[in-house]
Amino acid sequence: MAAMRTEIQAVNGAKTTIDTVETLIKGASEAYAVPLWPQMVKLSPPEPNPKCVPYVWDYERIKPYLVRAGELVQEKDAERRVLMLVNPAREGPYTTDTVYAGLQLVMPNETAPAHRHVAFAMRFIIEGNGGFTAVHGKRIAMNRGDMILTPTWNWHDHGKDGSGPMIWLDALDLPSFIHFPVHFVEHYDKPRYPAEDIDTSQSPIVFPWIKMQEQLDEMEGGWVSREYLKADGSYVSKTLGSSAERINRGASSPPVRETASSVYHVIVGSGYSEIGGKKYEWRIGDTFCIPSWYKYQHFAGSSETVYLYRFDDKPMIKALGFYRWEGMDTETLVT
């Protein structure tokens, strides 16, 4: 049977003949009605296909640049002195495709001025003494290993007393706002929002490392993990979750492959992770990422027990119904 020829009126008034697949695709695309079938595999892949790749950020290599920024970049010229941990496979604020991480520094007698934003943030304190963050009127002392929340739309500023810099790891859900363009920032009219000192042991937004380490050490096993949760047992936020892990020297974590993506920070110890079939070595202070659906397993070195801090997008992925792990029974997926 001969192919049918169809003529239509083009936008410019001329008639266009649709007699091949090529002219069909070209003409439909010019009308902003793009055919799906040439892109079906791209839009519906056989497995998750994150754009980001695994990577280890070497803290000892990065720290001199961060500290030097505290000396060269004036407080008035930088609202936040941060080195973003950007993924080498993507441009923009991506540590993974859905999670942002950055190393932030405050120098002695400085103030990172008060503002508030839609994004949710967590701070994990890496080093320094005498630092504080003030969150919506509550001034919180920063201690190494503590995890501090900055809930969405809470006024907050950071400061430092004493000598030496204060350094922490920021975790934010900023990549989500590429798809939901609703993020913005409001600046307070003074450098600091009025705040009073509080007992951090009683604050619902402070998770002291000393307590978390005690809980990890009380658990049995060569590898253990414990989530940071609110008092009611829920995640610390709707978008980001966090946890801590202990791996005894010479031990390893179980292999995992999941649709959540995660960022790890090495609190104590050294070792390596196998991610997607490749070996990534790390040591105290380093931060590394695991994109979605990369199979991973952590191995502690032989010299000492390893403690890891992790944050991930699991609360958001689960809430959206996107969370899967390798070996999950597909018959249980309908909810």
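Reader: Which residues of helix α3 are buried?

Author: In this predicted model, helix α3 covers residues 59–72, and its 14 residues reach 20 Å from the first C-alpha to the last, close to the 20 Å expected at 1.5 Å a residue. An α-helix has 3.6 residues a turn, so residues three or four places apart point the same way. The buried residues in α3 are Tyr59, Ile62, Leu66, Ala69 and Gly70. They cover an arc of only 100° around the axis, which means that they sit on the same side of α3.

Reader: Which residues are exposed on the other side of α3, and what covers the buried ones?

Author: The cover over the buried residues of α3 includes the strands β3 (55–57), β4 (81–84), β5 (100–106), β7 (121–127) and β12 (166–172). On the other side of the helix, the exposed residues are Arg61, Tyr65 and Leu72.

Reader: Which residue caps the N-terminal end of α3?

Author: The contact at this end of the helix runs from a side-chain oxygen to the backbone nitrogen of Glu60, at 3.1 Å. The residue that supplies the oxygen, and so caps the N-terminal end of α3 by the polar-contact cut-off of 3.5 Å, is Asp58.

Reader: How many disulfides does the model contain, and why are Cys52 and Cys289 not joined in one?

Author: A disulfide is a covalent bond between the sulfur atoms of two cysteines, and the cut-off applied here is a sulfur pair within 2.5 Å. The cysteine sulfur closest to that of Cys52 belongs to Cys289 and is 6.7 Å away, too far for a bond. Cys289 is likewise in no disulfide, its nearest cysteine sulfur being that of Cys52. The count of disulfides therefore comes to zero.

Reader: Are Cys52 and Cys289 buried or exposed?

Author: Cys52 has a relative accessibility of 0%, and Cys289 has a relative accessible area of 0%. Since the cut-off for this class is under 20%, Cys52 counts as buried, and Cys289 is also buried.

Reader: Which strands lie at the edges of the six-stranded open sheet?

Author: Strands of a sheet pair through backbone hydrogen bonds, either parallel or antiparallel. In this sheet the pairing is mixed, and the order is β13-β6-β11-β8-β9-β14. The strands that pair on one side only, and thus form the edges, are β13 (185–187) and β14 (196–197).

Reader: Which residue is the bridge partner of His115 in β11?

Author: Strand β6 (residues 111–117) and strand β11 (residues 156–160) run antiparallel and are joined by three bridges. The bridge partner of His115 in β11 is His156.

Reader: Which residues of β22 point one way, and which the other?

Author: In a regular strand the side chains alternate between the two faces of the sheet. Strand β22 (residues 296–300) is mostly covered, with five of its five residues buried. Tyr296, His298 and Ala300 point one way, whereas the other way point Gln297 and Phe299.

Reader: Which residue stands opposite Gln297 of β22?

Author: Strand β19 (residues 270–275) pairs with β22 in the antiparallel sense, over five bridges. The residue that stands opposite Gln297 is Glu274.

Reader: With which side chain does the side chain of Arg246 make a polar contact?

Author: Arg246 is in strand β17 (residues 241–247) and counts as buried at 5% relative accessibility. Its side chain reaches the backbone oxygen of Gly221 at 3.1 Å. Leaving aside neighbours within four places in sequence, the contacts of Arg246 include Trp223, Thr305 and Tyr307. The polar contact with a side chain, at 2.6 Å, is to Asn248.

Reader: What is the phi of Trp153, and what is the phi of Trp293?

Author: Most residues other than glycine have a negative phi, and most peptide bonds are trans. Trp153, in the loop between β10 (147–150) and β11, is partly exposed with a relative accessible area of 27%, while Trp293, in the loop between β21 (287–290) and β22, is buried at 15%. Both values of phi are positive: near 65° for Trp153 and, for Trp293, near 70°.

Reader: Which residues are in contact with Glu326, leaving aside its neighbours within four places in sequence?

Author: Glu326 lies in the segment after α6 (314–319) and counts as partly exposed, at 40% relative accessibility. Its C-alpha is separated by 7.4 Å from that of Val256, 70 residues apart along the chain. Beyond those sequence neighbours, the residues in contact with Glu326 are Arg257, Trp293 and Lys295.

How values were computed:
Residues are numbered from 1 along each chain as its sequence is written. This is a predicted model: local features need pLDDT of at least 70, side-chain atom pairs count only at pLDDT 80 or more; totals for chains, interfaces and linings use all residues. Side-chain values use heavy atoms; hydrogens and water are left out. Buried means under 20% relative accessible area, exposed over 50%, partly exposed in between (1.4 Å probe, protein chains only). Two strands pair if DSSP finds at least two bridges between them. Helices (H or I, at least four residues) and strands (E, at least two) are DSSP runs, numbered from the N terminus. The expected span of a helix is 1.5 Å times one less than its number of residues. The arc is that of the directions from the helix axis to the C-beta atoms. Contact means heavy atoms within 4.5 Å. A polar contact is a pair of N or O atoms within 3.5 Å; within protein, one must be able to donate a hydrogen and the other to accept it, and residues adjacent in sequence count only if both atoms are side-chain atoms.
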